[in-house]
Amino acid sequence: MERCGVDYFDYYMIHNVSSFSQAGWKYVDTFGFCKKMKEEGKIKKLGLSTHANAEFLDNILNEHPEMEFVQLQINYLDWENDGVESRKCVEVAHKYDLPISVMEPLKGGFLADLPEEAEKKLKEYNPDESPVSWALRYVAGIDGVFMVLSGASSLEQMEENIGFMDDYKPLNDEEHKIIEDVTEIININIAIPCTKCNYCISSCPSNIRIPKLFDLYNNEKIQGLKVGEFTAVGNAYRNYSCLDGVGIASDCTGCESCMKDCPQQLDIANLMPEVAKTFETEVYGFTKD
């Protein structure tokens, strides 16, 4: 409160309540502490965020009826995803009559830069609307959602996102059908569904920036971007072989330490050799000391 300059928090969350993060909330009685802070008036609304599946969420909410809202990973690509279970988690929130805050509405920025065929479908229906607007309107229209958290890397992006909500219009039936078609296209073309949460990084003994490598790999496979092209992504990662002070894909030992921390349950140890095979070649001017 001192650092934030406030006397209380309107909404306070216990972060990332999942099976793999129990050391951070279960064994130190985080729920008990937050309940005490609420009793003292320092928290107005107490909730939790989670990347767990619907069954885990149901169990934790049953165990902690003091929760007043939940933050869930929701986007149209994850709505029926068997690993994320967005729809099922929303149904659990409805079961406990809890308001929902949405995280990852753009799936780590993935839904802002779609495969060409998918974006074409959106533009055919409305040439003036961006993929970001479609994604934000999708989650904002879900019953029970009271807040949508969207990342922005510039003032222009933030103003644009605010504009979508200022003039918010829920998706109609035809637009929902188009989103279903777009989801199918993406699922056919998708490479690695990493949301760039960065939880895996601290567990890697080889100091590999796993999400960055997956992001580069996805754009190569899905969009056909080349490392040397002058694009936002290409410019950021074109010198793959010159990642100073960090590991690269071929440095992965397959220890699987990172996989315990991955909310998306990615098989990182088996994906890294494929990333290495893609980029650590002469085509990209790669050399390894």
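## A walk around strand 3 and its neighbours

Take the contacts in this protein between residues at least 6 apart in sequence: 70% of them join residues at least 24 apart. Keep in mind that what you're looking at is a predicted model. The protein has 289 residues, and 43% of them count as buried. Its secondary structure comes to ten helices and five strands. The accessible surface adds up to about 15,500 Å², with 48% of that belonging to carbon and sulfur atoms.

**How far to trust it**

The mean pLDDT of the protein is 86, and 88% of the residues reach 70 or more. Residues 225-239 are another story: pLDDT stays under 50 there, and the model has 24 contacts beyond four places in sequence for this stretch. Where pLDDT is low, the predicted coordinates shouldn't be read in detail.

**Strand 3 and its partners**

Now find strand 3, residues 69-73. Is it mostly covered or mostly open? Mostly covered: five of its five residues are buried. The side chains split into two sets, with F69, Q71 and Q73 pointing one way and V70 and L72 pointing the other. Both sets are buried.

Strand 3 pairs with strand 2 (residues 43-50) in the parallel sense, over four bridges. Within that pairing, T50 has L72 of strand 3 as its bridge partner. To get from strand 2 to strand 3, the chain passes through helix 2 (residues 54-63), and this β-α-β crossover is right-handed.

Which strand comes after helix 3 on the chain's way from strand 3? Strand 4 does: the chain crosses from strand 3 through helix 3 (residues 86-95) to strand 4, in a right-handed β-α-β crossover. Strand 4 covers residues 100-103 and pairs with strand 3 in the parallel sense, over four bridges. Here L72 turns up again, with V102 as its bridge partner in strand 4.

**Two residues with positive phi**

Most residues other than glycine have a negative phi. N16 goes against that habit, and so does K107; the table gives their values.

| Residue | Phi | Relative accessible area | Loop |
|---|---|---|---|
| N16 | near 55° | 7% | between strand 1 (9-14) and helix 1 |
| K107 | near 50° | 3% | between strand 4 and helix 4 (116-125) |

Why does N16 count as buried? Because its relative accessibility is 7%, and the cut-off for buried is under 20%. K107 is buried too, since its relative accessible area is 3%.

**Cysteines and a lysine**

How many disulfides does a search of the whole structure find? Zero. Look at C258 to see one reason: the closest cysteine sulfur is in C200, 6.1 Å from the sulfur of C258, so the two are too far apart for a bond. A disulfide needs the two sulfur atoms within 2.5 Å. C258 is buried, at a relative accessible area of 8%. C34 is buried as well, with a value of 2%.

K35 sits in helix 1, which spans residues 30-39. Its relative accessible area is 44%, so K35 counts as partly exposed. Try locating L46 from there: K35 and L46 are eleven residues apart in sequence, and their C-alpha atoms are 8.0 Å apart in space.

Terms used:
Residues are numbered from 1 along each chain as its sequence is written. This is a predicted model: local features need pLDDT of at least 70, side-chain atom pairs count only at pLDDT 80 or more; totals for chains, interfaces and linings use all residues. Side-chain values use heavy atoms; hydrogens and water are left out. Buried means under 20% relative accessible area, exposed over 50%, partly exposed in between (1.4 Å probe, protein chains only). Two strands pair if DSSP finds at least two bridges between them. A crossover is right-handed if, with the strands pointing away from the viewer, the path from the first strand over the helix to the second runs clockwise. Contact means heavy atoms within 4.5 Å. Accessible areas come from the Shrake-Rupley method with a 1.4 Å probe; for residues, only the protein chains shown count as cover. pLDDT is the predictor's confidence in each residue, from 0 to 100.
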